[in-house]
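Let's take a walk through the charged side chains of this model and see who pairs with whom. Keep the structure open and follow along.

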Amino acid sequence: RRCVQETVIKQVEEQEREMKELIQQLEQQKHDLHHSQSQEQQLQTERDEMKKHYEEMNEHLKGIIQQEEQEKEDIKKKLEEIENRNIELMNQIEQETNQLTKAKQELETETNEHNKLKDIDMQQKQQIETLNEMLKQVSEETTNLKMQKEEDRQSLKKKNEELEQ
């Protein structure tokens, strides 16, 4: 009986020892699980922070992209304005060029008319000089003729006096 009791006690002690080991293992697993949960929670927190950071970066980048799109639109509008202004200036230059060409043609016409008038003026001056020359000759001839006439008259008068005597 005592032997049976010792065997039973040994078995109970063995079971107690196994139970303690199991409890210790469970405690260790509990500790590991708690540590694991803590790590998982920390990872989740880091994930959440990273996600928040990426969302903030994404919003920031969206803002930059939106700003760049707006700047592109502004540049596009300014380019259109510049292009329209260039077209206006080209039209204005073309009009002014046409006006200058017309004015040049009018000036050439006036110059040609002026040159014709100068030619006519020169011809008239030459004609006046020729007429003056002719008038001078006529005047000389008239004077000569008058003198000749006077001489002839004097001569006739002499002859008449001679004849009368």
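One thing up front: this is a predicted model. With that in mind, start at helix H1, which covers residues 2–164. Arginine 17 and glutamate 14 sit 3 residues apart in helix H1, so about one helical turn separates them. Their side chains form a salt bridge, with the closest N and O atoms 2.2 Å apart. How exposed are the two partners? Arginine 17 has 41% relative accessibility and counts as partly exposed, and glutamate 14 is partly exposed too, with a relative accessible area of 33%. The pair isn't on its own, either: Glu14, Arg17 and Glu21 are linked in a network of salt bridges.

Why would such pairs turn up at all? Side chains of opposite charge can pair when their charged atoms come close.

Now move along the chain to glutamate 69. Which residue does glutamate 69 pair with in a salt bridge? The partner is lysine 72, and the closest N and O atoms of the two are 3.8 Å apart. A salt bridge here needs the nitrogen within 4 Å of the carboxyl oxygen, so the 3.8 Å contact between glutamate 69 and lysine 72 makes the cut. Both residues lie in helix H1, 3 residues apart, about one turn of the helix. As for exposure, glutamate 69 comes out as partly exposed at 43% relative accessibility, whereas lysine 72, at 52%, counts as exposed. The line between those two classes is drawn at 50%, which is why lysine 72 with its 52% gets the label "exposed".

Further on, lysine 125 and aspartate 121 meet through their side chains in a salt bridge, at 3.8 Å from N to O. The spacing is 4 residues in helix H1, so these two are also about one helical turn apart. Lysine 125 is partly exposed at 44% relative accessibility, and aspartate 121 is partly exposed at 37%. If you search the whole structure, you'll find 7 salt bridges.

Finally, have a look at the charges that don't pair up. Which residues form a negative surface patch? They are Glu68, Glu71, Glu73, Asp74, Glu80, Glu81 and Glu83. Take glutamate 73 as one of them: this residue lies in helix H1 and is partly exposed, at 40% relative accessibility. Patch members need over 30% relative accessible area and no salt bridge, so the 40% of glutamate 73 clears that accessibility cut-off.

Notes. Residues are numbered from 1 along each chain as its sequence is written. This is a predicted model: local features need pLDDT of at least 70, side-chain atom pairs count only at pLDDT 80 or more; totals for chains, interfaces and linings use all residues. Side-chain values use heavy atoms; hydrogens and water are left out. Buried means under 20% relative accessible area, exposed over 50%, partly exposed in between (1.4 Å probe, protein chains only). Patches are made of residues with over 30% relative accessible area and no salt bridge: like charges are joined within 9 Å, nonpolar side chains (Val, Leu, Ile, Met, Phe, Trp, Tyr) within 5 Å. Accessible areas come from the Shrake-Rupley method with a 1.4 Å probe; for residues, only the protein chains shown count as cover. Lys and Arg count as positive and Asp and Glu as negative; His and the chain ends are not counted. The place of a charge is taken as NZ of Lys, CZ of Arg, CG of Asp or CD of Glu.
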